[in-house]
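Okay, thanks everyone. I'd like to walk you through one structure today, so have a look at it while I talk.

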Amino acid sequence: MLNTLDEVLLMGPGPSSVHPRVYKALAMPTMGHLDAQFLALMDKLKENLKDLMATKNEATIALSATGSSGMEAVLVNLIEENEPMLIITNGFFSERMVDVASRLGAKVDVLEFPWGKHADPGEITKKLKEKPYKLVGMVHAETSTGVLNPIAEIGPLVRSMGAYFIVDAVTSFGGNELRVDDFCIDALYSCSQKCLGCPSGLSPVSFSDRAMEKIAARKKKVPNFYLDMTLLMKYWSGSPRAYHHTAPANMYFALYEALNLILEEGHDRVKARHIETHEYLVQSLEKMGLSMLVEKPWRLPNLNTVLIPDGVEDFAVRKELRATHKIEIGAGLGSLAGKIWRIGIMGHTGRKENVDTLLAALKKILG
Ligand SMILES: *Cc1c(COP(=O)(O)O)cnc(C)c1O
């Protein structure tokens, strides 16, 4: 069975393509989760995550689960029942945040912006003045619509009102400008399979000291054992290290190598490569007569939403791309289903040669 699987060029909303060095790291002999060498690797991993996130946060680790677990972790640790929370929505993943926060008993208000538009700092300021929110959550890079939200501006607004600022950086981390301390972020979560270019399975998270103090002062224990940050920190930096769960060592090897690749290339260079590849893709698509969903200033370079031309059948094109050309692109979600394609140029995928491969295939199919 395994030897019949295709090698697919992954150009959808994640997972993205994996660098050969990351595959090599995955195939290393596995290790005990409390082995001294493994613990040293975890320390280094933590330092590299802090470096790439531009944060001093001690509570910066990678959870053994996907990006959605990062969302659960941040919310279950920080929310206490009945706390007022504002969630800024403009797509599928911010709406998921509303669901998760509501299940945990937060009193959620939603400030909604249309799908495909950015979250506007002026409107957010107005909303924040209406009542004292304890927590404010939003998505940085909205993978469902291809919008990059201006969190650098919004973070300081939230901080000035005294609320905790929670950011979904699942798609932005590794691909876009994300300076956790400068952006006044109190907690964020990401994943391994988008701009970091690993298979899925890990979720980097970071909590400010202020957020960790909020967790320490909870009236009731965090109502989730697996995602309890106080317990996880005893494994990631306790002395002696305490067993919490059996860390998937090979996934951590892979993440370690993926971060090394970014550090070797240079973080700024990696971000610039995403922008250059994006500009090349958009220009080429426009030459073919296609147009983008999102207005230019708010476009997310790593995830491009393209309007499907009239008379073109969404599924037939994606099916042909996958079957004949072994390329995966993403479909629209929710109200955008059938109306857009989502073209990811994240991490190792984000290279001009991959754009050329995709465009050649699309030209053949569209005629
Ligand atoms: C992919 C994604 C998630 C969910 O992550 P999983 O790894 O699929 O659990 C959450 N938020 C955003 C913005 C995403 O793009």
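I'll go through strands, then salt bridges, then cysteines and a few single residues.

One thing up front: this is a predicted model, so please keep that in mind throughout.

Let's start with the strands. There's an open sheet of three strands here, in the order E11-E14-E13, and the pairing is antiparallel. The edges are strand E11, residues 303-307, and strand E13, residues 330-331, each of which pairs on one side only. E11 and E14 are joined antiparallel over five bridges, while E13 pairs with E14, residues 340-344, over two bridges.

If you want to find a landmark, go to Arg-342. On the E11 side, Thr-305 has Arg-342 as its bridge partner, and on the E13 side the partner of Gly-330 is Arg-342 as well. One more pair to look at is Ala-331, whose bridge partner in E14 is Trp-341.

So how many residues of E14 are buried? Five of its five. As a general point, side chains in a regular strand alternate between the two faces of the sheet. Here both faces of E14 are covered: Ile-340, Arg-342 and Gly-344 are buried on one side, and Trp-341 and Ile-343 are buried on the other.

Now over to strand E8, residues 164-168, where again five of five residues are buried. Tyr-164, Ile-166 and Asp-168 make up one covered side, with Phe-165 and Val-167 on the other. The pairing here runs parallel: five bridges join E8 to strand E5, residues 135-139, and three bridges join E8 to strand E9, residues 187-189, also in the parallel sense. For the E5 side, look at Val-139, which has Asp-168 as its partner in E8. For the E9 side, Val-167 stands opposite Leu-188.

On to charges. Side chains of opposite charge can pair when their charged atoms come close. The search over the whole structure turns up 21 salt bridges, and I've picked out a few.

First, Lys-117 with Glu-295, where the closest N and O atoms are 3.2 Å apart. Lys-117 is in the loop between strand E4 and helix H5, and Glu-295 is in the loop between H10 and E11, so this pair ties together parts that are 178 residues apart in sequence. Lys-117 is partly exposed, at 39% relative accessibility, and Glu-295 is partly exposed too, at 47%.

Next, Glu-265 and Arg-273, which meet in a salt bridge at 2.7 Å, N to O. Are these residues buried or partly exposed? Glu-265 is partly exposed at 31%, but Arg-273 is buried at 10%.

Then there's a pair inside a helix. Arg-318 and Asp-314 form a salt bridge at 2.8 Å, and both sit in helix H11, residues 314-325, four residues apart, or about one turn of the helix. Both Arg-318 and Asp-314 are buried.

And there's a network of salt bridges, which links Glu-177, Arg-179, Asp-182, Asp-268 and Lys-271. Let me zoom in on Asp-268. That residue is in helix H10, residues 267-287, and counts as exposed because its relative accessibility is 58%. The C-alpha of Asp-268 is 9.3 Å from that of Gly-175, although the two residues are 93 apart along the chain.

Now, cysteines. How many disulfides does the structure hold? Zero. Take Cys-191: the nearest cysteine sulfur belongs to Cys-195 and is 8.4 Å away. From the Cys-195 end, the closest cysteine sulfur is the one in Cys-191, and 8.4 Å is too far for a bond. Both of them are tucked away, by the way: Cys-191 is buried at 1% relative accessibility, and Cys-195 is buried at 3%.

Two last stops. His-245 is in the loop between helix H8 and helix H9, yet is buried, with 8% relative accessibility. The His-245 side chain makes a polar contact with the side chain of Ser-64, at 2.7 Å.

And finally, the beginning of the chain. Met-1, Leu-2 and Leu-5 make a nonpolar surface patch of about 410 Å². Met-1 lies in the segment before strand E1 and is exposed, at 74%.

That's it from me, so let's open it up for discussion.

How values were computed. Residues are numbered from 1 along each chain as its sequence is written. This is a predicted model: local features need pLDDT of at least 70, side-chain atom pairs count only at pLDDT 80 or more; totals for chains, interfaces and linings use all residues. Side-chain values use heavy atoms; hydrogens and water are left out. Buried means under 20% relative accessible area, exposed over 50%, partly exposed in between (1.4 Å probe, protein chains only). A disulfide is a pair of cysteine sulfur atoms within 2.5 Å. Patches are made of residues with over 30% relative accessible area and no salt bridge: like charges are joined within 9 Å, nonpolar side chains (Val, Leu, Ile, Met, Phe, Trp, Tyr) within 5 Å. Accessible areas come from the Shrake-Rupley method with a 1.4 Å probe; for residues, only the protein chains shown count as cover. A salt bridge is a side-chain nitrogen of Lys or Arg within 4 Å of a carboxyl oxygen of Asp or Glu. Two strands pair if DSSP finds at least two bridges between them. A polar contact is a pair of N or O atoms within 3.5 Å; within protein, one must be able to donate a hydrogen and the other to accept it, and residues adjacent in sequence count only if both atoms are side-chain atoms.
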